[in-house]
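Please open the structure in your viewer and keep the selection panel at hand. The tour below moves from one selection to the next and says what is there.

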Amino acid sequence: MIEPPAIGVVGVGNRGRQLIEAILETQTGTVVSYADPHAPSLAAASVLVPEAASYTDWRAMLKALRLDVLVIAAPPHLHREIAQEALAAGLDVYCEKPMAPNLEDCDRIVEAARKACSLFYVGFQERSRPVFVRAHKLVRAGVLGRVRMLSYRVMRGPFIPKVDNWIADPAKSGGMLADKNCHDFDLFNWFTGSRAVRVQATGGKAVAAQEGGNPGELLDHAFVLVDYEDGAKALVEVCFFSPFFEELEIVGEKGRLVADYTRLSYAFRGSSEPPVVETFPEDDPHGDRTGWLGFLSCRSRANPGIESVTHAETARESIRIALAGEQSIRTGQPVSF
Ligand SMILES: NC(=O)c1ccc[n+]([C@@H]2O[C@H](COP(=O)([O-])OP(=O)(O)OC[C@H]3O[C@@H](n4cnc5c(N)ncnc54)[C@H](O)[C@@H]3O)[C@@H](O)[C@H]2O)c1
């Protein structure tokens, strides 16, 4: 039985605080400290964990305290240097997605993960969401036959405002596809088990900007097509000026599966049987607890550090696709790898 970890959190904006809440709700560790230069974020965190030590400088926090786990929920352009230092100090790292806003930073994190003995894990909580875990089991067991087509439709309102508006600057956020849709590209990579070889996309700004949403260079809608090495094809449809709707669809040679957060159904080609339907409780709408528990379950394995490079390379792959999508939208040309 592994001891509940002493946890430090870097960045206690919206996401950092959601993760603190997940840790408190699951009673799986003690948040002993947090660091953030923004006074209102620190004040809001102190309400959640009043006994924890508060820092304005994450380096000072790392120096001062003995931690087991570092949660990184600062803006993406800071992930690289924080992850490098935490891994070098032997901490297990839960790093929020996107791993980083550019491939150079991703590569340096992969390198740091390779050198470290501790665990590096990117918070792709969709991989731990029960409905997608079940869908993945069915797909990998071959229930649908060879996967040929996937689509993820994500419809929502504009990005929630970020502290100092970091999201508006692609050098900090990586852009809309990296910040939002890295989750979806990661699901495609996971479900196909194959490697993306070509990305083509179209997108733009239609509504959110005029209404004050999706600031700076952030797009507010796009279609992104991804070709995989094994012939599978995937489509992300994303819109930031819509009522909420999310759905994953997977079509294999034998059948079709559709899943949202609480329900999946699948049916077989040529069969007159009604679709098989399975439902899942909606008690963790953002997947905060499942993501955190996924990290802990990895951490509890015999030699968790050994998985770090896989986590880091997998996360890099989602950024590679996202950045290629942004490039294709800018140039009007497909990007082949
Ligand atoms: N997994 C998910 O579903 C999910 C959802 C939302 C956000 N995120 C990710 O979480 C991260 C944070 O996003 P957010 O929505 O909380 O943004 P936010 O702007 O609400 O919070 C970011 C916090 O980081 C702080 N920060 C800035 N510089 C810092 C530094 N040098 N040291 C420590 N803290 C610093 C800011 O002051 C702010 O409080 C991003 O990577 C984002 O993509 C993930």
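Select Val93 first, and then look across to strand β6, where Phe120 stands opposite Val93. This is a predicted model, in which local features need pLDDT of at least 70 and side-chain atom pairs count only at pLDDT 80 or more, while totals for chains, interfaces and linings use all residues. Residues are numbered from 1 along each chain as its sequence is written.

Now widen the selection to strands β5 (residues 92-95) and β6 (residues 120-122), which run parallel and are joined by three bridges. Helices (H or I, at least four residues) and strands (E, at least two) are DSSP runs numbered from the N terminus, and two strands pair if DSSP finds at least two bridges between them. Add α5 (103-115), and you have a right-handed β-α-β unit made of β5, α5 and β6; right-handed means that, with the strands pointing away from the viewer, the path from the first strand over the helix to the second runs clockwise.

Next, select strand β4 (residues 69-72), which pairs with β5 in the parallel sense over four bridges; here Val69 has Asp92 of β5 as its bridge partner. Between β4 and β5 the chain passes through helix α4 (residues 79-88), and this β-α-β crossover is right-handed.

Stay on β5 and colour its two sides. In a regular strand the side chains alternate between the two faces of the sheet. Asp92 and Tyr94 lie on one side of β5 and Val93 and Cys95 on the other, and all four are buried, that is, 20 or more other C-beta atoms, placed from the backbone, lie within 10 Å of the residue's own.

Move out to the domains, whose bounds come from an automatic or database domain assignment: domain 1 (6-125) and domain 2 (126-289 + 318-336). Their centres, taken over C-alpha atoms, are separated by 26 Å. The contact between them (C-beta atoms, placed from the backbone, within 7 Å) takes 23 residues from domain 1 and 25 residues from domain 2. On the side of domain 1 that touches domain 2, the largest share, seven residues, comes from α1.

Finally, select helix α1 (residues 14-26) together with the ligand, since α1 also gives the most to the ligand's shell, with three residues. Of the 27 residues around the ligand, Gly11, Gly13, Arg15, His38 and Ser41 come nearest, where a residue counts as near if its C-beta atom, placed from the backbone, lies within 6 Å. Domain 1 and domain 2 each contribute at least three residues to this shell.

Methods
Two residues are in contact if their C-beta atoms, placed from the backbone, lie within 7 Å. A residue is buried if 20 or more other C-beta atoms lie within 10 Å of its own, exposed if 12 or fewer, and partly exposed in between; C-beta atoms are placed from the backbone.
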